[in-house]
Amino acid sequence: METVVSGIRSTGNLHLGNYFGAIKNFLKMQHTHRCYFFIADYHSLTTHPHPADLHNTVKQVLVEYLACGIDPEVATIYIQSDLPETAELYLLMNMNAYVGELERCTSFKDKIRNHADNVNAGLLTYPVLMAADILIHKAKYVPVGKDQEQHLEMTRQFGNRFNRIYDVEYFEEPVAFNFGTELVKIPGLDGSGKMGKSEGEGNAIFLFDAPDAIRKKVMRAVSDAGPTEENQKKPETIENLFTLMKTVSKPETVAFFDEQYNTMKVRYGDLKKQLAEDMITFVAPFRERILELSNDNDYINKVVKQGAEKAHESARKTVEEVREIIGFKRFG
Ligand code: TRP
C-alpha cells in the first residue's frame with residue numbers, strides 16, 4: 001500500500017466546496033492507501049494565533065474532518081505538534097535549504113506583500129516544514145491543489161539534495177495526487193466561480209451552518225432578471241445555482257426548475273427557497289455529528305492519542321535513519 005500524506009490547514013471551518021472536493025477524495029483514499037492526515041498547527045503559528053484560541057481551533061477542525069467520515073481506525077489522523085519528530089526533521093532539512101530559493105517561493109512573496117508587518121523566519125521556511133511533514137512518512141502521494149504544487153516541487157528538491165549530499169538513495173520523490181476528473185468544483189453563492197471562505201461573507205455554506213444562516217445566505221445569492229427567451233443558455237450565475245442544486249437536491253427537483261427556466265416561468269425566489277431547504281437537509285447530519293463529537297471529549301482524546309502513536313511509529317523510524325545517515329552516533 002502506498003503512503004499518502006496531507007496537511008490540513010487549522011484555520012477555517014469546512015464548507016460544501018471542501019466536502020465535494022478534497023474530503024470526498026480523502027474518504028476514498030483512506031481505503032486504498034496508507035493515509036496520514038494531520039492538522040498543521042505548527043504551520044499556523046506563522047500568523048501568531050492567540051493562545052486562548054489555538055486548541056479550540058485545532059479541535060474544531062479535527063471534529064469536522066471526523067464528522068465527514070475520516071475513519072481514525074483506517075487512516076491515521078493526528079495533530080502535527082504531537083509529532084515533535086517533524087520539528088527535528090525540519091531543523092535538519094533547514095541545513096540544506098537555501099535562503100535564495102526560499103525567498104523566490106511564490107507563497108512567501110505573497111506573504112511579504114500581504115503581511116509586511118510579520119515576515120518571520122517561519123514563513124520563509126514554511127516549505128521546509130511542509131517537506132518534513134511529507135518526508136517523515138516517506139509519502140509517495142500528496143493530495144494537494146494547484147496552489148501547493150510549488151511547495152511539493154521544493155519537497156522533491158530538498159529530498160533529492162539530501163540524497164546527493166549524503167550519497168544515499170533515501171528519500172523518494174513524492175508526487176501530487178491526481179484527483180482526476182472526479183473533482184467537482186462547487187461554485188460560491190456570490191456569483192464567483194468558487195466556494196471559498198476567503199471569497200467573502202455569504203459565499204460559502206459551512207457544514208456547521210444553522211438552518212437560518214443557510215436560508216439567509218441562499219436567499220441573498222446572486223441571480224439575474226430572468227430568462228428572456230425559451231431554452232436559452234443559462235448565464236454563469238444561474239448555472240452556478242443549478243450546479244449547487246445538483247449537489248444537494250433530488251434529480252426531479254433540478255429537472256423541475258430546469259423546465260421552469262426553459263419555459264421562462266422560473267421564480268428565483270422559489271428556486272432559492274427549495275435550494276436552501278435541500279442544503280439544510282444535506283448539512284443537518286454533519287452539523288449533528290459535529291455537535292455530538294465536540295461534546296465527546298473522551299472519544300476525541302482517544303482519537304488524538306491513537307493518531308499520535310501511529311504517526312510516531314513511522315516518524316521515529318525516519319528520524320533515526322536520517323540521523324544515522326547524517327553521522328550522529330549515540331555515545332555509550
Ligand atoms: N501548505 C498546505 C496548505 O496550505 C498545508 C500543509 C502543510 C500540507 N503541510 C503539508 C499539505 C503537507 C500537504 C502535505 O494547504
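**Figure 1. Met264 and helix α12, from a predicted model.** Right after α12 comes Met264, and its phi is positive, near 60°. The helix itself runs over residues 251-262; helices here are DSSP runs of H or I with at least four residues, strands are E runs of at least two, and both are numbered from the N terminus. With 12 residues, α12 reaches 16 Å from its first C-alpha to its last, close to the 16 Å expected at 1.5 Å a residue (that is, 1.5 Å times one less than the number of residues). Thr253, Val254, Phe257, Gln260, Tyr261 and Asn262 are its buried residues, where buried means under 20% relative accessible area, exposed over 50% and partly exposed in between, with a 1.4 Å probe and protein chains only. Their cover includes α11 (236-248) and α13 (268-294).

As for bookkeeping, residues are numbered from 1 along each chain as its sequence is written, and side-chain values use heavy atoms, with hydrogens and water left out. Local features need pLDDT of at least 70 and side-chain atom pairs count only at pLDDT 80 or more, while totals for chains, interfaces and linings use all residues.

**Figure 2. Helix α11 and its packing partners.** α11 has 13 residues and spans 19 Å from first C-alpha to last, close to the expected 18 Å. Its buried residues are Thr237, Ile238, Asn240, Leu241, Phe242, Leu244, Met245, Thr247 and Val248. These pack against α1 (16-32), α12 and α13, with contact taken as heavy atoms within 4.5 Å.

**Figure 3. The ligand and the residues around it.** Ser6, Gly7, Arg9, Phe38, His43, Tyr126, Met130, Asp133, Ile134, Val142, Val144 and Gln148 surround the ligand, each with a heavy atom within 4 Å of it. An oxygen atom of the ligand sits 2.8 Å from a polar side-chain atom of Arg9. On the nitrogen side, a ligand nitrogen is 2.8 Å from an N or O atom in the side chain of Tyr126, and a ligand nitrogen is 2.9 Å from one in the side chain of Gln148. The protein covers 94% of the 370 Å² of accessible area that the ligand has on its own (Shrake-Rupley method, 1.4 Å probe). Two or more shell residues come from each of β1 (3-9) and α8 (126-135), and α8 gives the most, with four.

**Figure 4. Asp147, beside Gln148 in sequence, and its polar contacts.** Asp147 lies in the loop between β4 (141-142) and α9 (149-166). Its side chain makes a polar contact with the side chain of Arg9 at 3.0 Å, and another with that of Gln148 at 3.3 Å. A polar contact is a pair of N or O atoms within 3.5 Å; within protein, one must be able to donate a hydrogen and the other to accept it, and residues adjacent in sequence count only if both atoms are side-chain atoms.

**Figure 5. Thr46 in its loop.** Look between α2 (41-44) and α3 (51-68) for Thr46. Thr46 is buried, with a relative accessible area of 13%. Its side chain reaches the backbone oxygen of His43 at 3.0 Å. Not counting residues up to four places away in sequence, Thr46 touches Asn118, Asn120, Gly122 and Leu123.

**Figure 6. Val218 in helix α10.** Val218 belongs to α10 (residues 211-219) and is buried, with a relative accessible area of 0%. Leaving aside neighbours within four places in sequence, Val218 is in contact with Leu189, Ile205, Lys272, Leu275, Ala276 and Met279.
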